[in-house]
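Please look through the chain shown here before reading on. This report walks through its parts one at a time.

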Amino acid sequence: MAAPGENLRINSDRLWDSLMDMARIGPGIAGGNNRQTLTDEDAEGRKLFQSWCEAAGLSMGVDEMGTMFFRREGTDADALPVYVGSHLDTQPTGGKFDGVLGVLGGLEVIRSLDDLGIKTRHPIVITNWTNEEGARFAPAMLASGVFAGVLEQDYAYDRTDAKGKRFGDELERIGWKGEEPVGARKMKAFFELHIEQGPILEDEGLDIGVVTHGQGLKWLQVTLTGKEAHTGSTPMPKRRNAGLGMARITELVHEIAMDYQPDAVGAIGHMEVYPNSRNIIAAKTVFTIDIRSPDKETLDEMDARIRDGIVTICEALEITAEVEQVGHFDPVTFDETCVKAVRDAADRLGYTHRDIVSGAGHDACWINRVAPTAMIFCPCVDGLSHNEAEEISKQWAGAGCDVLFHAVLETAEIVG
C-alpha cells in the first residue's frame, strides 16, 4: 500500500481550538477540568462532540456501556474499519488534554481527510470510551475492559461512586446507554494518541513517543496489625508499631523498584493509620503498593521480593501482615505493524522520536487484546498529568496528530 505523502498535515489551529472549546465544559477550579464520567458535564461534552462529528458527516453508534463510535465510510463497505480515539472523561482535578487529545485528534484526522478530498478503502471510526479514568467508578478503563472481554458488563453496571450511585443507573440518567452489544465491533486496527504523562520526551527534546509496550501492574493492599499503646510511656523495645512497619515497607518497595531500572517503578499510594491519634502508637495500618514493569518476569519477581520482605519486617517488629492483590494486568506488547506505521510516520514527517513504554494504563491496553493496536505520545510540560496544571503546546499536539493522521491513513489505505 502507498504511504501518505510527507506534505499531508492536519490543521493544528483547528485542533487546538477544538481542545479549548471542549475545555470550557466542566471547568475545574484552577484552569483544568472536572468532567467526570456520567456526570451532567460528561453528557454536555458528549453532545458537543456529537455535534462536531455529525457536522463532519459521520454516523453515530453507541454501545450498552455508553461508548461512542463515529464512522466515516470507506470505499469498501466490507473492509474492517480502522479505529482511533481515547476518552473525554477527566479526573476531578484533571487537565484539558489527557484523553481529550486522542478523541479530538481523531476528529481532526477526519476533518483533514475531508479538506483534502481523500478517500480510504477502509472505514475510519472515532471512539470515545466511557470511564477510562476510573475516578468516579473504579476500576479505570471500564468500558474498554468490557469491550475486550476482560470485565463483565453486569460487574461494570454495579460499580458505585462515593455517594453509592450505580454506574448503570447514571448511564441511563444522562441518556447515553446505547443498544449496541458491547464488543460486537471488529477492528482492522486501533490507534490512540495521548500525552505522555511523564517527563522523558520533554527532557530529551523529542517530538514523538512511539509506544511499544504498556507496563504491567500489580496493586497489593497490605494490612499491618500491631498494638495500640501510649507514645510517651511505652518503652521502645516493648512497642509493636504498625506505623513503623509501613515506613520500612515503603523504603523496601522503593529499593526493589530501583533494582529493576530503567523501566520498573514502585510506590506506596493510599495510606490509612489507626487510631490516627498523635499520642497513640499505631495499632493498624492499611496501605496500597503499586508496582509496574513492562516485563512480566520482572513484575512477578518484584511481587515475590516485596512479599518476602514484608514477612521479614513484620517478624522483626512483632506485628502481623495480610497482603491482598487488589489490581493486576499483565504487560502489553503493542502490534509490530501498527507500531511500525507510527514510527514510519514520524520519520516521514521529520519529527524526532524514540521508542517509549507507557507507564500508565490506557484503553489501548485492553483493546490490544482484541485488535492490532498502537499508541502515540506527545510531550507534556514537566511530565505533569492528572493535575489542573497539565499543559502541552499547540506544536506538540499538532505533531502528534500529524503522526496519527499518517499512521491511520497508511492503515486505512488511500484510494486514488
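## Strand 16 and its partners

Strand 7 and strand 16 are antiparallel partners, joined by three bridges. In this pairing, Gly209 sits opposite Phe377 of strand 16. The model is a predicted one. Strand 16 also pairs with strand 6, this time in parallel, over six bridges. There, Leu193 has Ile376 of strand 16 as its bridge partner.

How many residues of strand 16 are buried? Six of its six are, and the strand is mostly covered. Its side chains point two ways. Thr373, Met375 and Phe377 face one way, while Ala374, Ile376 and Cys378 face the other. All of them are buried.

Now move to helix 12, where Gly400 is found. Is Gly400 buried or exposed? Gly400 counts as buried, because its relative accessibility is 0%. Setting aside neighbours within four places in sequence, Gly400 is in contact with Leu193, Ile208 and Ile376. Its C-alpha atom is separated by 6.8 Å from that of Phe377, although the two residues are 23 apart along the chain.

## Helix 10 and helix 3

Helix 10 has buried residues too: Cys338, Val339, Ala341, Val342, Ala345, Ala346, Arg348 and Leu349. What covers them? The cover includes strand 6 (189-195), strand 7 (208-214), strand 15 (353-358), strand 16 (373-378) and helix 12 (394-412).

Look at the two ends of helix 10. At the start, a side-chain oxygen of Asp335 comes to within 3.1 Å of the backbone nitrogen of Thr337. After the helix comes Gly350, with a positive phi near 80 degrees.

Helix 3 also has a glycine just after it. This is Gly117, and its phi is positive, about 65 degrees. Helix 3 has 14 of its 17 residues buried, so the rest of the structure largely encloses it.

The lengths of both helices can be checked. At 1.5 Å a residue, an expected span follows and can be set beside the distance between the end C-alpha atoms. For helix 10 the two agree. For helix 3 they agree as well.

| Helix | Residues | Number of residues | Expected span | End C-alpha distance |
|---|---|---|---|---|
| Helix 10 | 336-349 | 14 residues | 20 Å | 20 Å |
| Helix 3 | 100-116 | 17 residues | 24 Å | 24 Å |

## The annotated binding site

An unreviewed UniProt entry carries the annotation "binding site" for Asp98, Glu133 and His386. These residues span 289 residues in sequence, yet no two of their C-alpha atoms are more than 9.5 Å apart, so they gather at one spot.

Take Asp98 to begin with. Asp98 lies in the loop between strand 3 (82-86) and helix 3. Its relative accessibility is 5%, so Asp98 counts as buried. Apart from neighbours within four places in sequence, its contacts are His87, Asp89, Glu133, His194, Ile195, Gln197, Ser385, His386 and Glu390. The side chains of Asp98 and His87 share a polar contact of 3.3 Å.

Next comes His386. Which loop holds His386? The loop is the one between strand 16 and helix 12. With 41% relative accessibility, His386 counts as partly exposed. Not counting residues up to four places away in sequence, His386 touches Gln91, Thr93, Asp98, Glu133 and Gln197. The side chains of His386 and Asp98 make a polar contact of 3.2 Å.

## The open sheet and the annotated domain

Another part of the chain holds an open sheet. Its four strands follow the order 10-12-8-13, with antiparallel pairing. Why does strand 10 have one side without a neighbour in the sheet? Strand 10 (265-274) and strand 13 (320-329) stand at the edges, each with a single partner strand, so each leaves one side without a neighbour. On average, neighbouring strands of this sheet are turned by 15 degrees against each other, direction ignored.

Strand 10 and strand 12 (residues 284-293) are antiparallel partners over eight bridges. Ile268 stands opposite Ile289 of strand 12. Helix 8 (residues 242-258) packs on the sheet and touches strand 8 (216-225), strand 10 and strand 12. The direction of helix 8 makes about 5 degrees with that of strand 12.

The unreviewed UniProt entry also annotates residues 215-308 as "domain: Peptidase M20 dimerisation". Over residues 215-308, the chain is 32% helix and 36% strand. The end C-alpha atoms of this stretch are 23 Å apart.

How values were computed. Residues numbered from 1 in each chain as written. Predicted model: local features only at pLDDT ≥ 70, side-chain atom pairs only at ≥ 80, totals over all residues. Heavy atoms only, no water. UniProt positions renumbered as here; feature names shortened; annotations may be inferred. Expected span 1.5 Å × (residues − 1). Buried < 20%, exposed > 50% of the residue type's maximum accessible area, 1.4 Å probe, protein only. Contact = heavy atoms within 4.5 Å. Polar contact = N/O pair within 3.5 Å; in protein donor to acceptor, adjacent residues only side chain to side chain. Pairing = 2+ DSSP bridges. Axes fitted to C-alpha atoms, helices over the stretch in contact; angles between N-to-C directions.
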